[in-house]
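Here is my note for you, with the structure open beside it. Please read the points in order and check each one on the model.

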Amino acid sequence: MFGRRTFGKQKHSFADLKKMMRPTPDSDGVTRVFSKELWNDPKIGSMLRELGFAPDDQRNIMRTADDYIALFAAARVPAFSSAPKPSTAR
């Protein structure tokens, strides 16, 4: 009775919005910022090319969790115990 009522459009949760905004992979299994469909469109594809983008450009391919794991593993600093200890002699 005292619950919040919504008139008009249905309110979506944050999880629902994330699902709607997540792009789907193309037919080759790669998730792109600009999909292959956009690149095949005569107007949009030519405009993107004029702006300096390419369909298989690294900037157009969305990273996956595995990509980030590999990136963090490569940037990982060695353990501090193996670093040389400063001398305390004065």
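1. Start with confidence. pLDDT is the predictor's confidence in each residue, from 0 to 100. You need that term here, for this is a predicted model. The protein chain has a mean pLDDT of 80. Of its residues, 76% reach 70 or more. Among the elements, H3 has the highest mean pLDDT, at 94. H1 has the lowest, at 75.

2. Next, the overall plan. How many helices and strands are in the protein chain? There are 4 helices and 0 strands. Read along the sequence, the pattern is α-α-α-α. H1 covers 14-21 and H2 covers 36-40. H3 covers 42-50 and H4 covers 65-74. Keep two loops in mind, the one between H1 and H2 and the one between H3 and H4. The points below return to them.

3. Now burial and surface. The protein chain has 90 residues, and buried residues make up 8% of them. Its accessible surface comes to about 8700 Å². Carbon and sulfur atoms hold 59% of that surface. As for contacts, take those with a separation of 6 or more. Residues 24 or more positions apart account for 33% of these.

4. Look at the aromatic rings. A search of the whole structure finds 2 aromatic pairs. One of them joins phenylalanine 34 and phenylalanine 53. The ring centres are 5.9 Å apart. The planes stand at 65°, and over 60 degrees counts as edge-to-face, so this pair is edge-to-face. Phenylalanine 34 sits in the loop between H1 and H2, while phenylalanine 53 sits in the loop between H3 and H4, so the pair ties together parts that are 19 residues apart in sequence.

5. Are these two rings' residues buried or exposed? Each falls in between. Phenylalanine 34 has 28% relative accessibility, so it counts as partly exposed. Phenylalanine 53 has 30%, so phenylalanine 53 is partly exposed as well.

6. Phenylalanine 53 has a second role to note in this list. Which residues make the nonpolar surface patch with Phe53? They are Ile44, Met47 and Leu51. The patch measures about 340 Å².

7. Proline 55 lies in the loop between H3 and H4. Proline 55 and phenylalanine 34 are 21 residues apart in sequence. In space, they are 7.5 Å apart, C-alpha to C-alpha. Leave out residues up to four places away in sequence, and proline 55 touches Arg32, Trp39, Arg49 and Asn60. Remember Arg32 for the next point.

8. Turn to the charged residues. The structure holds 4 salt bridges. Arginine 32 forms one with aspartate 26, where the closest N and O atoms are 3.0 Å apart. Arginine 32 also forms one with aspartate 28, and there the closest N and O atoms are 2.9 Å apart.

9. Why does arginine 32 count as buried? Its relative accessibility is 3%, and buried means under 20%, so arginine 32 is buried. Aspartate 26 has 14% relative accessibility, so aspartate 26 is buried too. Aspartate 28 has a relative accessible area of 44%, so aspartate 28 is partly exposed.

10. Stay with aspartate 26 for a moment. Aspartate 26 lies in the loop between H1 and H2. Which residues does aspartate 26 touch, not counting residues up to four places away in sequence? They are Arg32, Ser35 and Lys36. Arg32 is thus both a contact and a salt-bridge partner of aspartate 26.

11. Another salt bridge links aspartate 57 and arginine 59. Their closest N and O atoms are 2.8 Å apart. Aspartate 57 has a relative accessible area of 22%, so aspartate 57 is partly exposed. Arginine 59 has 56%, and exposed means over 50%, so arginine 59 is exposed. Elsewhere, salt bridges that share partners join Asp26, Asp28, Arg32 and Asp56 into one network.

Conventions. Residues numbered from 1 in each chain as written. Predicted model: local features only at pLDDT ≥ 70, side-chain atom pairs only at ≥ 80, totals over all residues. Heavy atoms only, no water. Phe/Tyr/Trp six-rings, centres within 6.5 Å; stacked < 30°, edge-to-face > 60°. Buried < 20%, exposed > 50% of the residue type's maximum accessible area, 1.4 Å probe, protein only. Patch = residues over 30% accessible without salt bridge, like charges linked within 9 Å, V, L, I, M, F, W, Y side chains within 5 Å. Areas by Shrake-Rupley, 256 points an atom, 1.4 Å probe, with all protein chains shown as cover. Salt bridge = Lys/Arg side-chain N within 4 Å of Asp/Glu carboxyl O. Contact = heavy atoms within 4.5 Å.
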